[in-house]
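Work through the exercises below with the sequence and the coordinates open. Each task is followed by its solution in steps.

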Amino acid sequence: MDSNQQISKSTNLQINQTLHLADTALILGQRNSDWCAHGPILEQDIAITNITLDLIGQARNFYQYAATLINNAENKNETEDSLAYLRNEREFKNFLICELPNGNWAQTILRQFLFSVYQELLFEKLIACNDQQLSAIAAKSIKETKYHVKWSSEWVIRLGDGTEESKTKMEQAIDEIWMYTGEFFIANDYDIIDVTSIKSKWLEKINEIFEEATLSVPENTFMQSGGKNGIHTEYLGFLLSEMQVLQRTYPGANW
Amino acid sequence: MSLHDLEKLFQEKIDKEIKIEPKDWMPDAYRKTNLRQISQHAHSEIVGMLPEGNWISRAPSLKRKAILIAKVQDEAGHGLYLYSAAETLGTSREQMIDDLHSGKAKYSSIFNYPTLTWADMGAVGWLVDGAAILNQVMLCRTSYGPYARAMVRICKEESFHQRQGFETLLVLSKGTDEQKAMCQDAINRWWWPSLMMFGPKDSESTNSDQSIKWKIKRKTNDELRQQFVDMIVEQVKLLGMTLPDPELKWNEDRKHYDFGEINWDEFWNVVKGNGPCNKQRLEARKKAHEEGEWVRAAALAFAEKRKNKLNTKAA
């Protein structure tokens with residue numbers, strides 16, 4: 001939401017916070033959904049698709065709440081779908097890491113792991129926040145996220161400590177993706193919790209799993225950022241044009 | 001016991017509706033027919049994920065997206081049960097997948113048709129799953145135990161899919177003119193291929209008689225096809241749409257709908273590999289498998305390492 005004279009500043013921040021959470025879950029879900037029917041093993045095709053469904057479910061909960069906030073503040077008629085399908089690249093507030101192409105299984109796994117560990121810590125904090133609705137959604141979602149952490153940790157270890165080839169692929173994935181993790185901990189005016197406070201716990205968990213996976217945590221990496229403020233990679237535009245095509249082509253239609 | 005006695009005993013069990021279990025004696029041809037049919041069914045579930053997977057990224061609402069993903073995932077689950085059921089006949093999943101990729105094993109030809117618009121997600125659910133269900137309901141009572149039990153589970157989910165497909169079309173049929181046209185177009189394109197799903201006419205079908213005697217099948221291709229036509233003719237009325245067959249007409253004597261001649265040249269062409277998507281479907285499966293090779297190798301190597309570690313600890 002752009003700042004609007006009619007909405008109070010605090011409501012505007014609350015809306016943006018909720019949209020950030022929704023966009024992050026949706027865009028990662030949209031990326032992961034590309035694995036459905038194309039996974040490396042049937043059982044894992046099912047597993048990553050479970051995670052996809054969880055993320056889309058979370059996104060829906062956050063969007064529905066955002067729509068309520070917007071509609072209460074302004075005389076509008078937003079829905080989960082108008083927010084997901086009719087906003088533009090610059091309005092999306094997801095982390096950059098979510099919109100990166102899937103790459104191979106190592107990249108997908110690593111991204112899921114780095115993100116899910118962050119998301120679990122974030123949800124722990126959100127549960128305790130004073131926004132009752134966000135707290136409730138976080139409480140519901142954290143059960144799913146704990147599973148995502150477990151599943152992706154196991155895969156990071158398996159690939160890191162598997163074959164030479166899988167280890168090399170994990171190292172390449174770390175090279176590609178690590179620079180997008182800094183954004184998790186950059187505070188923004190709409191943050192309802194202090195995201196800087198979860199960084200050390202996050203790093204502790206990453207270190208623990210990487211050690212078991214015989215992988216190293218990079219040092220002194222330059223960190224990319226911008227997603228939370230709507231400054232994205234070039235990938236997002238293509239993702240959105242594909243995802244939004246029917247809603248854009250047939251305005252006002254019900255599906 | 002002589003082969004003749006074994007066969008006699010086997011047929012008696014079938015006649016008494018006693019299920020055949022993996023460790024029971026069975027004629028080679030029974031084993032082969034079941035293996036062919038169950039693995040073909042498993043492959044159909046897996047290849048069948050592709051035409052619907054094609055619309056996941058473009059599903060027009062978050063609810064539809066979630067429903068579609070869950071549906072395609074269900075199919076993966078069905079593939080798993082069916083591969084497991086087929087494995088009880090003595091062939092590994094790996095071998096079955098190799099046979100699929102080499103072209104030796106077949107899958108349902110219906111999945112060689114393209115999904116061109118969103119309405120195809122409805123038409124596939126309603127017509128393709130609808131046709132599959134009639135076959136599968138029958139298979140819940142098939143004589144091979146593991147197959148019958150897998151089908152019971154699968155049928156529950158499939159009938160849910162069919163309702164979802166119908167509901168997708170129902171929304172379109174009440175929508176804008178463009179949506180209505182999309183709906184009719186999808187029905188037009190999927191109707192005949194759906195009728196072909198029941199296989200050749202009974203008079204042309206090579207496997208039918210023996211399969212019925214062994215109660216692998218309990219209804220013939222033509223009986224199931226007729227049942228499907230009678231069912232869909234009624235349901236299409238609720239959509240306010242039509243089926244693309246001018247010869248479709250109620251026959252008071254037969255108490256069934258008559259319908260036009262299926263284009264069997266098209267059917268055999270698609271079976272032989274000349275359908276619009278045969279090449280892409282198989283290539284997509286092979287690509288997923290080949291690109292997953294290093295992942296499976298890593299998982300195996302890791303499991304070995306852990307086992308060795310545990311053994312060392314134990315010693």
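**Exercise 1.** Place B:Arg306 in the secondary structure, then state its exposure and its contacts.

Solution. B:Arg306 sits in helix H13 of chain B, residues 293–314; helices (H or I, at least four residues) and strands (E, at least two) are DSSP runs, numbered from the N terminus. The relative accessible area of B:Arg306 is 25%, so this residue is partly exposed. The classes are buried under 20% relative accessible area, exposed over 50% and partly exposed in between, with a 1.4 Å probe and protein chains only. Leaving aside neighbours within four places in sequence, B:Arg306 is in contact with A:Ile157, A:Asp161 and A:Glu212. Contact means heavy atoms within 4.5 Å.

The model is predicted: local features need pLDDT of at least 70, side-chain atom pairs count only at pLDDT 80 or more, and totals for chains, interfaces and linings use all residues. Residues are numbered from 1 along each chain as its sequence is written, chains are lettered from A and ligands numbered from 1 in the order in which they are written, and side-chain values use heavy atoms, with hydrogens and water left out.

**Exercise 2.** Is B:Glu52 buried or exposed, and which residues does B:Glu52 touch?

Solution. Start with the element: B:Glu52 belongs to helix H3 of chain B, residues 49–53. Next, the relative accessible area of B:Glu52 is 2%, so the residue is buried. Finally, not counting residues up to four places away in sequence, B:Glu52 touches B:Leu68, B:Lys71, B:Val72, B:Glu75, B:Met121 and B:Val124.

**Exercise 3.** Describe the overall form of chain A and of chain B.

Solution, chain A. Chain A has 10 helices and zero strands. For 255 residues a compact globule would have a radius of gyration near 18 Å, and chain A agrees because its value is 18 Å. This radius is taken over C-alpha atoms, and the globule rule is 2.2 Å times the number of residues to the power 0.38. Along the principal axes, the C-alpha atoms of chain A fill a box of roughly 60 × 40 × 30 Å. Of the 255 residues in chain A, 60% are buried.

Solution, chain B. There are 13 helices and two strands in chain B. Chain B has a radius of gyration of 22 Å, close to the 20 Å that the globule rule gives for 315 residues, so it is as compact as a globular protein of that length. The box filled by the C-alpha atoms of chain B, taken along the principal axes, is roughly 75 × 50 × 35 Å. Buried residues account for 54% of the 315 residues in chain B.

**Exercise 4.** Which residues have the most contacts inside the largest nonpolar core?

Solution. A nonpolar core is a set of buried Ala, Val, Leu, Ile, Met, Phe, Trp, Tyr and Cys residues joined through side-chain atoms within 4.5 Å. The largest one has 90 residues, and those with the most contacts inside it are B:Tyr30, B:Trp118, B:Trp126, B:Trp190, B:Trp191 and B:Phe228. Helix H6 of chain B (residues 119–139) gives the most to this core, with 11 residues. A second, separate core has 83 residues, including A:Ile15, A:Ile97, A:Ile137 and A:Leu239.

Then take B:Phe228: not counting residues up to four places away in sequence, B:Phe228 touches B:Leu127, B:Gly130, B:Ala131, B:Leu134, B:Trp191, B:Ser194, B:Leu195 and B:Phe198. In soluble globular proteins, nonpolar side chains tend to be buried together.

**Exercise 5.** Characterise two residues with positive phi, A:Ala37 and A:Asn220.

Solution. A:Ala37 is not a glycine, yet its phi is positive, about 85°. A:Ala37 lies in the loop between helix H1 (9–33) and helix H2 (42–73) of chain A, and A:Ala37 is buried, with a relative accessible area of 0%. For A:Asn220, also a residue other than glycine, phi is near 55°. The loop between H8 and H9 of chain A holds A:Asn220, which counts as exposed at 81% relative accessibility.

**Exercise 6.** What surrounds A:Ser216?

Solution. A:Ser216 is in the loop between helix H8 (199–212) and helix H9 (235–243) of chain A. A:Ser216 counts as exposed, with 57% relative accessibility. Apart from neighbours within four places in sequence, A:Ser216 is in contact with A:Ile174 and A:Phe210. The C-alpha atoms of A:Ser216 and A:Gln172 are separated by 12 Å, with the two positions 44 residues apart along the chain.
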